[in-house]
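Here is a friendly walk through one model, from its metal sites to its symmetry and its DNA. Please keep the structure open beside you as you read.

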Protein chains: 2
Amino acid sequence: MSMQIGELASKCGVRIDTVRYYEKQKLLVPSGRTEGGYRIYSKVALRELRFILRAKSLGFTLKEIQELLTLKIDRENQPCSSVKELAEVKLKDIEEKLTELGRMHNALTAITDACCGGEEPATACSILDALDKEDS
Amino acid sequence: MSMQIGELASKCGVRIDTVRYYEKQKLLVPSGRTEGGYRIYSKVALRELRFILRAKSLGFTLKEIQELLTLKIDRENQPCSSVKELAEVKLKDIEEKLTELGRMHNALTAITDACCGGEEPATACSILDALDKEDS
DNA sequence: CTTGACCCTAGACTTAACTCCAGGGATAGG
DNA sequence: CCTATCCCTGGAGTTAAGTCTAGGGTCAAG
Ligand SMILES: [Zn+2]
Ligand SMILES: [Zn+2]
Ligand SMILES: [Zn+2]
Ligand SMILES: [Zn+2]
């Protein structure tokens, strides 16, 4: 029903420090405190932490997750379009990274395939040559 | 034939600070110094900086580039296999990132496509629902 | 001789998302 | 009461690859 920070963290597979860090970033507020000052979390908080972690696994930064949470908290008065826009920005972001990594992969594969990988001296290694070429 | 740091940097499209930073990281040593203490670079240095930048554009970190340079400097006594190994480690690294980004892209595309993106309240927004779901 | 463009150093700052530390308090069990 | 285990705070440290700042020196032209 309600738990301390250690249990919450281990239930979500994150460290205690991470939970406190999210609190400092205003992503996750404890449901209350004990007399002794210990944070207590309800299962609502558990669900909120899972929300954050799922968003993270989709590539959203903590700052972006804050925006998502702002929309979610006020769902009734926020349009779908605002949520979708955040998702589309992130998608484009991911696509750019994919393109760039794909370019790197192609280029690196090409010069790596051309390298014999043998034990003789690398005096004519295609990889070093490609990096050291005169032109460009 | 020989130039100062500003010319070298602008020829390669990087900042002066970057050149000095590479020097601190032992990637690029000036060919000499003027009496007044100015760094001077030969066209060999220019070529070395281009080597570094090409390697960077293939995804190598500065630390990895140092290893590549170590091999290149001693090309005659280093086997192709050592060079190829570095390239293959980097390729695998890139492939892992591609896989992870691809996973994110698929997941995010799926929940984004399901969102209407309209102006009505996001009370049943598929994106927020996917992030906030009960299970998992 | 002065101006402006260029260069020097050492060291601090940036970003993101934690992670760790010191020094101490809370709580439960025996 | 003692101990173990948990928790608290504030602040510093981590990583990569720069970027910026302060305070000053160099050099060529006019
Ligand atoms: Zn070979
Ligand atoms: Zn080779
Ligand atoms: Zn909708
Ligand atoms: Zn929606």
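The zinc ion (ligand 3) takes its protein donors from both chains: A:Cys80 (SG), B:Cys116 (SG) and B:Glu120 (OE), at 2.2 to 2.8 Å. Donors here are N, O and S atoms within 2.8 Å of the metal (3.2 Å for Na, K and Ca), and water is not among the atoms, so sites may look incomplete. A:Cys80 also coordinates the zinc ion (ligand 4), which is 3.7 Å from the zinc ion (ligand 3).

A second site is built from A:Cys116 (SG), A:Glu120 (OE) and B:Cys80 (SG), which lie 2.1 to 2.8 Å from the zinc ion (ligand 1). There, B:Cys80 bridges the zinc ion (ligand 1) and the zinc ion (ligand 2), 3.7 Å apart.

Are the glutamate donors buried or exposed? B:Glu120 counts as partly exposed because its relative accessibility is 39%, and A:Glu120 is partly exposed at 38%. Buried means under 20% relative accessible area, exposed over 50%, and partly exposed in between (1.4 Å probe, protein chains only).

This is a predicted model, in which local features need pLDDT of at least 70 and side-chain atom pairs count only at pLDDT 80 or more, while totals for chains, interfaces and linings use all residues. Residues are numbered from 1 along each chain as its sequence is written, chains are lettered from A and ligands numbered from 1 in the order in which they are written, and side-chain values use heavy atoms, leaving out hydrogens and water.

Now to the symmetry. Chain B superposes on chain A by a rotation of 180 degrees with 0.0 Å of shift along its axis, at an RMSD of 0.1 Å; the fit is by least squares on the C-alpha atoms of residues with pLDDT of at least 70 in both copies. The two copies are therefore related as by a two-fold rotation axis. In chain B, the C-alpha nearest that axis belongs to B:Leu98, at 3.2 Å.

Finally, the DNA. Around DNA strand C there are 20 residues, the closest being A:Tyr21, A:Tyr22, A:Tyr38, B:Arg20 and B:Arg39; a residue is near a strand if one of its heavy atoms lies within 4 Å of it. Polar contacts (pairs of N or O atoms within 3.5 Å) include these side-chain examples:

| Residue | Atom of DNA strand C | Distance |
|---|---|---|
| B:Gln4 | phosphate oxygen | 3.3 Å |
| B:Arg20 | phosphate oxygen | 2.6 Å |
| B:Tyr38 | base oxygen | 3.0 Å |

Conventions: A polar contact is a pair of N or O atoms within 3.5 Å; within protein, one must be able to donate a hydrogen and the other to accept it, and residues adjacent in sequence count only if both atoms are side-chain atoms.
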